[in-house]
Amino acid sequence: MQTFNELNLSQPVARAITAMGFEETTPIQAQTIPLAMKGIDLIGQAHTGTGKTAAFGIPLVEMFESFIEQIQGIVIAPTRELAVQVAEELNRIGQFKGIRTLPIYGGQDIVRQINALKKRPHIIVGTPGRLLDHIRRKTIRLQQVRMVILDEADEMLNMGFIEDIETILQETPKERQTLLFSATIPRQIQNLAQQFMKDPEVIRINPKEMTVANTEQYYLEVQERQKFDVLCRLLDIQSPALAIIFGRTKRRVDELYEALNKRGYSAEGIHGDLTQSKRDSVLRQFKEGTIEVLVATDVAARGLDISGVTHVYNFDIPQDPESYVHRIGRTGRLGKPGQAITFVTPREIGLLKIIESISRRKIMRMPVPTTYEAIKGQQRLAIEKLLRVIEEEDIKQYKGLAEDLLEKTDSVTLLSAALKMITKEPDLTPVHLTEVTPVGVKQQRNVKFDQRGYRKDSGSQRGPGRRRDRNQRGNSRGEHNRWPH
C-alpha cells in the first residue's frame with residue numbers, strides 16, 4: 001500500500017493530510033491522485049467510503065493558487081448533505097494552503113449564499129439545481145474554472161439531474177479538466193463522458209470488494225411486534241460507539257427515536273420533513289458523539305459520510321438491493337471494521353434472498369438475543385468501565401472512603417454493589433410503534449433489478465429521469481484504461 005509521503009505533495013497539503021490522520025492511500029486515491037495531478041481527465045468507478053473525496057480533493061487543492069481570488073474549481077454533488085461533507089473535507093485539505101471551499105445547496109437562504117460568495121471562495125461544492133440558480137442570477141461565474149468534479153454521477157442521473165449537469169458544464173471553459181466519479185457507468189453517463197471529457201482514463205475499483213469488504217453482515221428473523229425489544233437487546237449487548245438505524249418511513253423514524261429515548265438510549269432522528277437547520281444540528285451532535293444512535297430514512301441518509309460508525313441496523317429491510325448496499329456502506333469505511341444487522345420478518349425472507357443474489361454476498365443468520373444476554377452484555381460493559389477508571393483516572397482521593405467502607409462490609413459485597421450501580425439493566429418501559437406492513441416477496445415478483453440493484457420496472461420512483469423536488473436533492477484491486485469511444 002502506498003503512503004501519502006510517496007505522492008510528492010506540497011508541504012501545506014502534506015501537513016493537512018497528516019493533521020487529518022491519513023497515512024496510507026486507498027486504492028482509488030493511489031491511482032487517481034498522480035493522474036489527476038498531470039491534468040488528465042478521469043472516470044473513477046468507486047462507491048462512497050472508498051476515500052474518493054480525498055482522491056479528487058488533493059489534486060483540486062494542489063493545482064489551485066490562493067492569491068487568485070476566483071472560482072477555480074467546482075464539485076457537483078447529488079445532495080445537500082454530501083455537498084456539505086465534501087466542502088468540509090476540502091477545507092481541511094486546503095487549510096494550510098489557504099484554499100477556501102464553499103458549499104451551495106437548496107434549502108439554505110440564497111441571500112446568505114450570495115453574501116458568502118462575495119468572499120471569493122476558490123472552490124464551490126454544489127447541488128445542480130442551486131448551482132444553476134446562481135449561474136442564472138450571475139452570482140456564480142465559471143469562466144475561470146480549471147477543474148470540474150462530478151461526484152456520484154449515477155446518483156445524479158437517477159435523481160433526474162442529467163440535463164442540469166449538461167447546462168452547468170456548458171458554462172465552463174472547454175479546456176478545463178474533468179473528473180467523474182460513479183458507482184456504476186450506465187449508458188447516459190458514458191454519453192456524458194464522451195460529450196464533455198477529453199479521452200479520459202478509467203479507474204475501476206472491484207465493486208465486490210469495495211462495498212462491503214470490512215462489514216460483517218447478519219440478519220435476524222423476527223416478528224414485527226418483537227423488533228423493538230430485540231433492537232434494545234442488541235444495543236445492550238453490542239454497545240456500539242456510533243450506530244445508524246434505518247426505518248422505512250418518516251413516521252417510523254420519529255416513533256423509533258422517541259421510543260429509544262424512553263428506554264434510556266441517546267438517540268435522534270433525521271428525515272426529509274425536518275428543516276435544514278434541524279438536520280444540521282442532529283448530524284453535528286452525531287459526529288461529535290453527543291448522541292450515539294441516529295435513526296434515519298434512506299433519503300435523509302443518502303450521501304452521509306460520517307467516520308466511526310460501528311453498526312448499522314436495518315430495522316426495516318430495504319425494498320431494493322441498491323438501498324441495502326447504500327445503507328450498509330455507512331459502516332466499515334476506509335478499512336475500519338463494521339457490522340450490519342437486518343431485521344427480517346418471515347414474509348420478507350424472499351426479499352433477503354434477492355438482496356443476497358444482487359450483492360453477491362451471503363448474509364449470515366444471527367440468533368435472536370435473549371434478555372439474559374442483554375444483561376450479561378451490560379455487566380461486561382460495567383466491568384470494562386470500572387477497569388478503565390482504575391487504569392486512566394486519579395482515584396487516590398477515594399481510597400480513604402473505600403477503606404472506611406471495607407471496615408463495614410466485605411470487598412466482594414462492596415464491589416458487587418458498585419457494579420450493580422453502574423450496570424444499565426434492561427429497561428422494559430412500554431412503547432408503541434405503528435406496525436409497518438412487511439414487504440413480501442410476492443410484492444416483488446414483477447420487479448426486475450439491474451446489476452447494481454436498481455429496479456427496472458416502469459413504475460419505479462428510483463429509475464433514471466424521475467426528478468425529485470430540488471430542495472430535497474440537495475484493500476481492493478483496481479485497474480485503469482482509456483475510455484472507449
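## Exercises: one covered strand and two helix pairs

Both faces of strand S13 are covered, with Gly-338, Ala-340, Thr-342 and Val-344 buried on one side and Gln-339, Ile-341 and Phe-343 buried on the other. Keep in mind that you're working with a predicted model.

**Exercise 1.** Work out how many residues of S13 are buried, and which residues lie on each side of S13.

*Solution.* Start with the range: S13 covers residues 338-344, and seven of its seven residues are buried. Next, split them by face. In a regular strand, side chains alternate between the two faces of the sheet. Here that puts Gly-338, Ala-340, Thr-342 and Val-344 on one side, and Gln-339, Ile-341 and Phe-343 on the other.

**Exercise 2.** Find how S8 runs relative to S13, then do the same for S12 and S13.

*Solution.* Take S8 (residues 215-221) to begin with: seven bridges join S8 to S13, and the two strands run parallel. To pin down the register, look at Leu-220, whose bridge partner in S13 is Phe-343. Now go to S12 (residues 311-314), which pairs with S13 over four bridges, in the parallel sense. A handy marker for this pairing is Asn-314, standing opposite Thr-342 in S13.

**Exercise 3.** Classify the packing of H11 against H17 by angle and by handedness, then describe the contact by residue class.

*Solution.* Grab the geometry: H11 (residues 227-238) and H17 (residues 371-392) have axes 7 Å apart and pack at an angle of about 30 degrees. Angles under 35 degrees count as roughly parallel, so that's the label for H11 and H17. As for handedness, H11 passes H17 in a left-handed crossing. On the H11 side, the contact uses Arg-233, Leu-235, Asp-236 and Ile-237; these meet Thr-371, Glu-373, Ala-374, Gly-377, Gln-378 and Arg-380 in H17. Sorted by class, that gives three nonpolar, three polar and four charged residues.

**Exercise 4.** Repeat the analysis for H3 and H4: roughly what angle do they cross at, and which residues meet?

*Solution.* The axes of H3 (residues 52-63) and H4 (residues 80-93) come within 9 Å, crossing at roughly 45 degrees. H3 and H4 are therefore oblique to each other, and their crossing is right-handed. From H3, the contact takes in Thr-53, Ala-54, Phe-56, Gly-57, Ile-58, Leu-60 and Val-61, while H4 brings Val-86, Glu-89, Leu-90 and Ile-93. Tally the classes of this H3 contact with H4 and you get eight nonpolar residues, two polar and one charged.

Methods:
Residues are numbered from 1 along each chain as its sequence is written. This is a predicted model: local features need pLDDT of at least 70, side-chain atom pairs count only at pLDDT 80 or more; totals for chains, interfaces and linings use all residues. Side-chain values use heavy atoms; hydrogens and water are left out. Axes are lines fitted to C-alpha atoms, for helices over the stretch in contact, and angles run from 0 to 180 degrees between N-to-C directions. Angles under 35 degrees count as roughly parallel, over 145 as roughly antiparallel, 65 to 115 as roughly perpendicular and the rest as oblique. A crossing is left-handed if the near helix is turned anticlockwise from the far one by less than a right angle, and right-handed if clockwise. Contact means heavy atoms within 4.5 Å. Ala, Val, Leu, Ile, Met, Phe, Trp, Tyr, Cys and Pro count as nonpolar, Asp, Glu, Lys and Arg as charged, and the others, Gly among them, as polar. Buried means under 20% relative accessible area, exposed over 50%, partly exposed in between (1.4 Å probe, protein chains only). Two strands pair if DSSP finds at least two bridges between them.
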